[in-house]
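Me: I have a structure open and would like to learn how to read the contact between two domains. Could you walk me through it?

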Amino acid sequence: MKRLLSLLLVLMLVMGALAGCGQSSKQEANNNTPQQNNTPQPSEEKVYQRNETLYYGGAMWGPPSNWNPLVPGNVVAGVVGLIYETLFNYDPVKNDLIPWLAEKGEWTSDKSYKVTLRDGLTWQDGKPLTSDDVRFTFEIAKENSDINYSPIWRWLESIETPDAKTIVFNFSTPHYHEWTFDLYQIPIIPKHIWEGKSKDKLLKDPNEKAIGSGPYLFDTYSNDRMVYKRNDNWWGIKALGLTPAPKRVVSLAVPSNNVALGMLMKGELDFSNFFLPGIPSLKSNYGITTFYDNPPYMIPDSTVFLFINTTKAPLNNVELRRAMAYAINPKVIVDKAYENQVMAANPLGFLPIKAWEEYYDNNVVSQYGFSYDPQKAKSILDAAGFKLGSDGIRTAPDGKKFKLEISVPYGWTDWMESAKIIADQLKAVGLDVEAKFPDFNKYYEDLTKGNFDLMINSFGSQTSISPWTLYNWLFAEIKDTQYNGNFGRFDAPGLRDLVDKFNETKMGSPEAKQVASQLEEIFLKNMPAIPIWYNGLWFQASNAVWENWPTEHDPYAYPCGWGGRWQTGGTMTLMKIKPKASQ
């Protein structure tokens with residue numbers, strides 16, 4: 001489960017990163033989208049009543065072509081969350097695991113977890129949603145190893161369904177952190193529709209006209225949009241007391257961030273998850289809503305790291321890596337590249353969220369952490385034998401000259417500016433570093449194959465219910481191709497065993513915190529990657545048509561519509577917004 005879970009995280013973060021990095025190329029993950037001659041064609045353009053329609057942008061980078069929830073990295077954003085639902089939703093702001101399809105879930109023993117479904121659950125075709133559907137969703141992955149969550153069966157032993165509302169999951173070795181994450185990640189699918197599909201079709205069928213249980217139906221699509229229509233027979237209207245406000249949600253493939261900016265200012269885009277410049281001006285001149293009134297305006301959503309290739313000399317020298325951590329001043333990046341829309345990261349790269357902060361060991365950070373101190377960086381380099389030449393450039397301890405490159409994808413303008421700033425700061429302590437900007441395909445190939453010196457990346461560091469997801473990414477098992485993280489290929493004796501041990505401890509327990517502290521110490525002592533800043537949950541909303549958006553004053557939802565993220569707050573946002581009264 002760890003390998004494919006990390007790949008899922010990477011694919012979701014690629015989607016979010018593309019929305020936030022000022023570029024217009026299609027996301028890499030879409031290259032493997034199942035097609036089956038399903039190339040979208042322009043449909044007849046329809047005009048919807050404006051005060052019943054929400055226009056969203058920031059999650060689609062090409063024509064929609066896959067609605068298969070078993071292919072989560074390539075599925076059209078919104079399919080999971082709006083059409084297909086999970087047992088629980090999750091609110092990262094409040095750190096609440098929200099019962100959704102499930103009425104409740106509880107550990108009945110150290111190795112058994114019981115889910116009780118709500119009364120009156122139905123699929124969008126009117127058939128009842130029962131424990132058989134939940135069991136089928138999990139057991140289909142036992143029979144088909146290509147389904148992304150199939151490795152769960154390495155530690156899930158059996159499933160029992162004593163009645164139509166009850167599911168008991170029995171584990172051989174409980175993975176408490178991973179399981180809690182899975183509860184709001186795995187979409188439940190209807191057995192009566194999927195049980196007849198061949199093994200080959202399960203993953204290759206684009207699943208057009210998808211039927212789930214959610215608050216929105218598959219309506220229509222064209223080359224630049226996916227349209228969802230409100231499900232007025234949704235079970236949640238009665239069971240949850242929630243009704244989606246927009247009759248339709250139109251998710252747009254906006255060609256660039258500049259176009260999105262213009263649409264937002266004109267009120268043509270209601271809900272945006274793009275990285276947009278000039279937020280103070282947007283707020284004062286156009287009344288745009290952001291989560292926070294003042295800087296950083298955005299909720300921290302993922303941590304951006306400078307990955308260091310620990311297999312290459314002299315980067316395999318831990319003192320060089322430690323010195324680099326002291327030489328970088330993230331506050332310059334926050335100010336110059338992001339106009340204070342982001343925050344500098346802490347030494348562990350832990351997001352400032354409740355779910356992670358409870359594992360943050362201040363004693364470990366105080367003893368082994370770092371902060372910007374170029375004189376300290378120079379002292380470390382001097383002591384380690386990196387001698388400063390008359391040209392202001394240092395040589396390696398063996399006397400050889402070396403030059404380092406820091407790579408980010410071309411067109412990701414905020415990362416490009418950040419890379420140049422980091423290169424200049426490293427030069428200031430005597431390191432010969434140059435920023436390079438390959439195209440995304442080259443960047444990703446070099447990242448995953450280890451053909452780099454330094455690379456900026458954040459693809460697996462998104463907010464979650466446990467920092468286990470972060471360490472499972474930072475310390476991923478080393479393979480020939482590193483799709484799952486640990487791009488610098490760092491290893492230490494017993495490292496993966498420690499990540500697994502953390503996963504097998506009960507969440508929030510003293511034992512879990514003790515293991516987390518050990519991981520934190522290993523990270524800070526070895527510096528395989530340097531946390532730089534937090535990418536934001538880029539959220540801007542127009543009040544021209546819709547109002548009552550979530551903000552720090554009423555944080556009722558995490559306003560995210562990126563792929564695989566609607567169930568962390570995007571769906572709830574649709575329940576709580578209101579048509580503007582003056583329309």
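Reply: Happily; here is a short tour of the domains and their interface. This is a predicted model, in which local features need pLDDT of at least 70 and side-chain atom pairs count only at pLDDT 80 or more, while totals for chains, interfaces and linings use all residues. Residues are numbered from 1 along each chain as its sequence is written, and side-chain values use heavy atoms, with hydrogens and water left out.

Me: Where do the domains lie?
Reply: Domain bounds come from an automatic or database domain assignment. Here domain 1 covers 62-204 and domain 2 covers 299-536, and their centres, taken over C-alpha atoms, are 34 Å apart.

Me: How many residues does each domain bring to the contact?
Reply: Contact means heavy atoms within 4.5 Å. Domain 1 brings 16 residues and domain 2 brings 18 residues.

Me: What area is buried between domain 1 and domain 2?
Reply: Buried area is the accessible area (1.4 Å probe) that two parts lose on being put together, summed over both. In this model the figure is about 1,400 Å², with 64% from carbon and sulfur atoms. Asn 95, Tyr 176 and His 177 supply 41% of the area that domain 1 buries against domain 2, more than any other three residues.

Me: Which side chains meet in a salt bridge?
Reply: A salt bridge is a side-chain nitrogen of Lys or Arg within 4 Å of a carboxyl oxygen of Asp or Glu. The rule finds one across this interface. Asp 110 and Lys 506 form a salt bridge at 2.7 Å, N to O.
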